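Reader: I am new to this structure. Can you take me through the names given to its parts, and the reasons for them?

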Amino acid sequence: MHRFTLLLLAAAIVSTAPAALAQTATDISAPQPASFSSSLDNTMRSANFLSGDGAASSGGGQYQSGYKGPQPANTAWNHLTWEAGGGFTQPLAGASDTVNTAYRIQIGAGYNFKPRFGVLAEYAFNRFGLQDQVINAAGTDDGNVHLWSTTLEPIFRYKNKGKLGGYVIGGGGFYRSLTSFTNPTIGYECSPFYGCYPVAENYVVSHFSSNQGGANLGLGFTFKTSAQGRLALYTEARYEWINTPGHYSEFVPVTLGLRW
């Protein structure tokens with residue numbers, strides 16, 4: 001009796017198993033909700049894109065063909081410019097009767113609005129020696145003139161491609177001169193290593209100063225070590241005009257330096 005019952009139960013299980021398996025297969029292959037399909041599709045696309053395999057790889061190639069890589073940021077820092085140089089200043093006309101050739105120091109900083117156009121704020125210092133006839137007329141043994149200037153200088157680069165460049169620069173601003181007449185004397189200097197000892201030096205007998213306006217205009221050339229770089233060696237010459245008391249003073253400053 002028990003054996004007959006077990007045989008009936010086994011037969012029932014065997015007869016219902018194919019139907020259950022068929023029902024499970026039907027459930028798996030049944031259409032899934034749209035959100036599930038979209039999420040699965042996006043996940044597969046992302047995986048293929050990152051790995052570079054399959055159809056998504058060609059799509060990734062299309063994106064890469066239009067990608068140019070990191071581009072330099074167009075920030076204000078990239079527009080800044082500076083310069084530092086030195087040279088000499090040659091007096092012209094009436095100025096040459098008073099002073100002789102000076103040495104010159106020039107520094108500046110500014111902003112390039114365009115690759116071809118910018119503005120520099122410049123500071124320059126010139127030290128002239130006085131001509132002998134001026135010193136003799138003053139009754140002293142020596143003398144000099146210090147000339148400072150602070151100017152605003154628009155600059156136009158008519159050639160700025162490649163290693164060689166050219167530009168026009170000109171502007172104006174404030175000029176201050178200090179004329180000093182001196183006589184030699186013997187002074188003393190002291191050092192913790194050598195003690196005190198006499199030295200020849202000049203003392204100022206008299207001096208006077210003048211504050212005036214002025215302007216300048218010049219032409220310059222640049223040379224870059226790299227066509228794509230910004231650091232350049234520059235040389236320039238300008239005509240400089242100063243409205244000094246009672247007459248005009250004219251000079252030609254020549255400068256050699258570095259500009260960024």
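Author: What follows is a set of short questions and answers on a predicted model.

Reader: What makes up the barrel, and how are its strands paired?

Author: The closed barrel has 8 strands, in the order β1-β2-β3-β4-β5-β6-β7-β8, with antiparallel pairing. From one strand to the next, the twist averages 25°.

Reader: How do you know that β4 and β5 pair?

Author: Pairing needs at least two bridges. Strand β4 (residues 142–159) and strand β5 (residues 164–191) are joined by 15 bridges. They therefore count as a pair, and they run antiparallel. Across this pairing, N144 stands opposite S180 in β5.

Reader: Why is the pair Y111 and F113 called edge-to-face?

Author: Two values decide. The ring centres of Y111 and F113 are 5.1 Å apart, and the planes stand at 65°. Centres within 6.5 Å make a pair, and planes over 60 degrees apart make it edge-to-face. Both conditions hold, so the name is edge-to-face.

Reader: Are these two residues buried or exposed?

Author: Neither word applies. Y111 has 29% relative accessibility, so Y111 is partly exposed. F113, at 47%, is partly exposed too. Buried would need a value under 20%, and exposed one over 50%.

Reader: Why is the pair F128 and F251 called tilted?

Author: Their ring centres lie 5.2 Å apart, with the planes at 40°. Stacked needs under 30 degrees and edge-to-face over 60. The angle of F128 and F251 fits neither, so this pair is tilted. The two residues come from distant parts of the chain: F128 is in strand β3 (residues 117–129) and F251 in strand β8 (residues 249–259), 123 residues apart. Both F128 and F251 are buried.

Reader: What makes R259 a charge over a ring?

Author: R259 lies over the face of Y234, at 4.1 Å from the ring centre. The distance cut-off is 6 Å, so R259 is within it.

Reader: Which residues make up the largest nonpolar core?

Author: There are 12: A95, V99, A102, F128, L130, I135, V145, L147, Y175, F181, I242 and F251. Strands β4 and β5 each supply at least two residues of this core. Another core, of 5 residues, lies apart from it and includes L120, I155, I169 and Y234.

Reader: What does L147 touch, beyond its neighbours within four places in sequence?

Author: L147 is in contact with A124, F125, N126, F128, Y175, R176, S177, I242 and F251.

Note on methods:
Residues numbered from 1 in each chain as written. Predicted model: local features only at pLDDT ≥ 70, side-chain atom pairs only at ≥ 80, totals over all residues. Heavy atoms only, no water. Helix = DSSP H or I, 4+ residues; strand = E, 2+ residues; numbered from the N terminus. Axes fitted to C-alpha atoms, helices over the stretch in contact; angles between N-to-C directions. Phe/Tyr/Trp six-rings, centres within 6.5 Å; stacked < 30°, edge-to-face > 60°. Buried < 20%, exposed > 50% of the residue type's maximum accessible area, 1.4 Å probe, protein only. Lys NZ or Arg CZ within 6 Å of the ring centre and 35° of its normal. Core = buried A, V, L, I, M, F, W, Y, C linked by side-chain atoms within 4.5 Å. Contact = heavy atoms within 4.5 Å.
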